[in-house]
Amino acid sequence: MKRSDSYIGVMIDDLIRFDLTEPYRMFTSRAEHRLLLRQDNADLRLRPMAYELGLITSEQHERVLNKLQTIESEIARLSKLFKTIDGKSTNLAQLICRPEWTYEEALKAYPEQISDFGSDVNTQIEMQLKYAGYIERQQKEVAKMEHLDPIRIPKDFDYSKVIGLRSEARQKLARFTPENLGQASRIAGVSPADISILLIALRKG
């Protein structure tokens, strides 16, 4: 499991990558993408993996796929339904995004336009609408990090010869010997600027 998939993915990556000098505790703050690792979407994140590993039945897998499809299609549908609210035309997706509105309140106000899928699905629709911008931003960050993972770092790579690399980053990289740029980017003391410099050096080499 990747760090962006689950907290256990964060824990495993920390334990095998870093030289921990104190007892390890899995704090949520250790995860870079906490908004994606919410308790309410655990089934959407993990059940497809469980199915691939043979841990759940095809029926259970089908249910989570149907749930995901329902959420996505309903969000798209609500974005096309407009109402005049406070003298302005607003689609129902935008209405639910407002801090003073919830999905349940919108359901009561517009029962003919908004469907009741049960509290579980209703909550997912509301969460994804309200935090869409933040979720999209974190998904882009994940995609950027995944782009770094395939870029391998040779085991005998000499960081001392990389011009522009900060001393702290050079020491940390030499100490932890990451296998790829993705792992290097997650080492405390290695900045995005250091990663950019290292990427250029690897491409030249």
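This section describes the largest pocket, the packing of helix 2 and an aromatic pair in a predicted model.

The largest pocket encloses about 530 Å³ of space. Its lining comprises 21 residues. Closest to the pocket centre are Leu36, Asn41, Arg45, Ile135 and Gln139. Four elements each give two or more residues to this lining: helix 2 (42-52), helix 3 (58-78), helix 6 (119-130) and helix 7 (132-148). Helix 7 contributes the most, with 6 residues. The lining is mixed in class. Nonpolar residues number 9, polar residues 5 and charged residues 7.

Helix 2, one of the elements lining the largest pocket, also has buried positions. Asp43, Leu44, Arg45 and Ala50 are buried in this helix. Arg45 is also among the residues closest to the centre of the largest pocket. The buried residues of helix 2 pack against helix 3 and helix 6. Both of these helices likewise give two or more residues to the pocket lining. Gly54 follows helix 2 and has a positive phi, near 80°.

The model holds 1 aromatic pair. The partners are Phe157 and Tyr159. Their ring centres lie 5.0 Å apart, and the planes meet at 70°. The geometry is edge-to-face, because the angle between the planes is over 60 degrees. Tyr159 has a relative accessible area of 6%. This residue therefore counts as buried, the limit being under 20%.

Terms used:
Residues numbered from 1 in each chain as written. Predicted model: local features only at pLDDT ≥ 70, side-chain atom pairs only at ≥ 80, totals over all residues. Heavy atoms only, no water. 1 Å grid on protein atoms, 1.4 Å probe; cavity = no way out; pocket = protein on both sides within 12 Å on 5 of 7 lines; lining within 4 Å. Points joined across faces, edges and corners; volume = space filled by probe spheres on them. Nonpolar A, V, L, I, M, F, W, Y, C, P; charged D, E, K, R; others polar. Phe/Tyr/Trp six-rings, centres within 6.5 Å; stacked < 30°, edge-to-face > 60°. Buried < 20%, exposed > 50% of the residue type's maximum accessible area, 1.4 Å probe, protein only. Contact = heavy atoms within 4.5 Å.
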